[in-house]
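Got the viewer open? Here's a walk through the model, one selection at a time.

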Amino acid sequence: RVYGLFGILQAIPFHGRNGLVLIPKVRMSDYGVTENSVLTKEHQHSLCKIVEGLTEVAANEMVDARKAAKSIKGAGRAAILVNAFGPLQLGQFRKYGYDPGKVAGRLGSVRKIISLYRYKQFGF
């Protein structure tokens with residue numbers, strides 16, 4: 001779920017250019033924006049605050065995923081390797097002020113490979 005949520009958050013600009021807004025309406029209403037206004041420059045700060053809140057949801061999910069991963073053995077471990085990317089993605093959102101337009105495509109292949117290796121070997 002964490003990997004999927006971060007993927008959706010990173011894709012906000014792409015989806016927006018194609019007329020699709022996958023941000024929960026309740027989150028938008030908390031900041032007084034709508035599907036038509038959330039991606040405008042005027043509401044950039046609101047968008048970043050919404051994304052910040054959703055990344056915190058993902059951060060909490062990461063904690064649960066780590067706990068659950070400890071009980072998965074054998075071939076099933078391959079399915080949870082995407083958990084390795086969560087901390088990297090969270091770090092990118094924090095570094096770029098939760099702006100999805102600045103985050104997309106920032107993780108390089110080398111960082112992903114190292115992260116996968118560390119997760120597989122040490123399971124953190």
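From the N terminus on, the elements run α-α-α-α-α-α-α. In other words, you have seven helices and zero strands on screen. Keep in mind that this is a predicted model. Zoom out to take in the whole chain: the C-alpha atoms fill a box of roughly 50 × 30 × 25 Å along the principal axes. Color by accessibility and 32% of the 124 residues come up as buried. If you like contact maps, take the contacts between residues at least 6 apart in sequence: 62% of them join residues at least 24 apart.

**Stop 1: helices 4 and 5**

Select residues 44-69 for helix 4 and 85-95 for helix 5. How far apart are their axes, and at what angle do the two helices pack? The axes lie 10 Å apart and the angle is about 160 degrees. Angles over 145 degrees count as roughly antiparallel, so that label fits helix 4 and helix 5. Their crossing is left-handed.

Now show side chains where the two helices meet. On the helix 4 side, pick Val 51, Thr 55, Glu 56, Ala 59, Met 62 and Arg 66. Their partners in helix 5 are Gly 86, Pro 87, Leu 90, Phe 93 and Arg 94. Color this contact by residue type and you get six nonpolar, two polar and three charged residues.

**Stop 2: around helix 5**

Stay on helix 5 and ask which of its residues are buried. Select Phe 85, Gly 86, Leu 88, Gln 89, Leu 90, Gln 92 and Phe 93: these are the ones. What do they pack against? Add helix 1 (2-10), helix 4, helix 6 (100-103) and helix 7 (109-122) to the view, and you have their packing partners.

For one of those helices in detail, center on Ser 115, which lies in helix 7. Is Ser 115 buried or exposed? It has 12% relative accessibility, so it counts as buried. Leaving out residues up to four places away in sequence, Ser 115 touches Ala 84, Phe 85 and Leu 88. Phe 85 and Leu 88 also belong to the buried set of helix 5.

**Stop 3: two backbone spots past helix 5**

Move just beyond the end of helix 5 to Gly 97, where phi is positive at about 65 degrees. Then click on Tyr 98: here too phi is positive, about 65 degrees, although this residue is not a glycine. Tyr 98 sits in the loop between helix 5 and helix 6. Its relative accessible area is 13%, so Tyr 98 is buried.

**Stop 4: salt bridges**

How many salt bridges does the model have? The count comes to four. Let's visit some of them.

Begin with Glu 61 and Arg 1, whose side chains meet with an N to O distance of 2.7 Å. Glu 61 lies in helix 4 and Arg 1 in the segment before helix 1, so the pair ties together parts that are 60 residues apart in sequence. Check the surroundings of each partner: Glu 61 is partly exposed at 23% relative accessibility, while Arg 1 is exposed with a relative accessible area of 76%.

Next, select Glu 35 and Lys 25, a salt bridge with its closest N and O atoms 3.5 Å apart. Glu 35 is in the loop between helix 3 (25-30) and helix 4, and Lys 25 is in helix 3, ten residues away. Glu 35 is partly exposed, with a relative accessible area of 39%. Lys 25, at 60% relative accessibility, counts as exposed.

Finish with Lys 49 and Glu 52, where the closest N and O atoms of the salt bridge are 3.0 Å apart. Why are these two about one helical turn from each other? Because they are three residues apart in helix 4. An α-helix has 3.6 residues a turn, so residues three or four places apart point the same way. Turn on the surface and both count as partly exposed: Lys 49 at 32% relative accessibility, and Glu 52 with a relative accessible area of 26%.

How values were computed. Residues are numbered from 1 along each chain as its sequence is written. This is a predicted model: local features need pLDDT of at least 70, side-chain atom pairs count only at pLDDT 80 or more; totals for chains, interfaces and linings use all residues. Side-chain values use heavy atoms; hydrogens and water are left out. Axes are lines fitted to C-alpha atoms, for helices over the stretch in contact, and angles run from 0 to 180 degrees between N-to-C directions. Helices (H or I, at least four residues) and strands (E, at least two) are DSSP runs, numbered from the N terminus. Angles under 35 degrees count as roughly parallel, over 145 as roughly antiparallel, 65 to 115 as roughly perpendicular and the rest as oblique. A crossing is left-handed if the near helix is turned anticlockwise from the far one by less than a right angle, and right-handed if clockwise. Contact means heavy atoms within 4.5 Å. Ala, Val, Leu, Ile, Met, Phe, Trp, Tyr, Cys and Pro count as nonpolar, Asp, Glu, Lys and Arg as charged, and the others, Gly among them, as polar. Buried means under 20% relative accessible area, exposed over 50%, partly exposed in between (1.4 Å probe, protein chains only).
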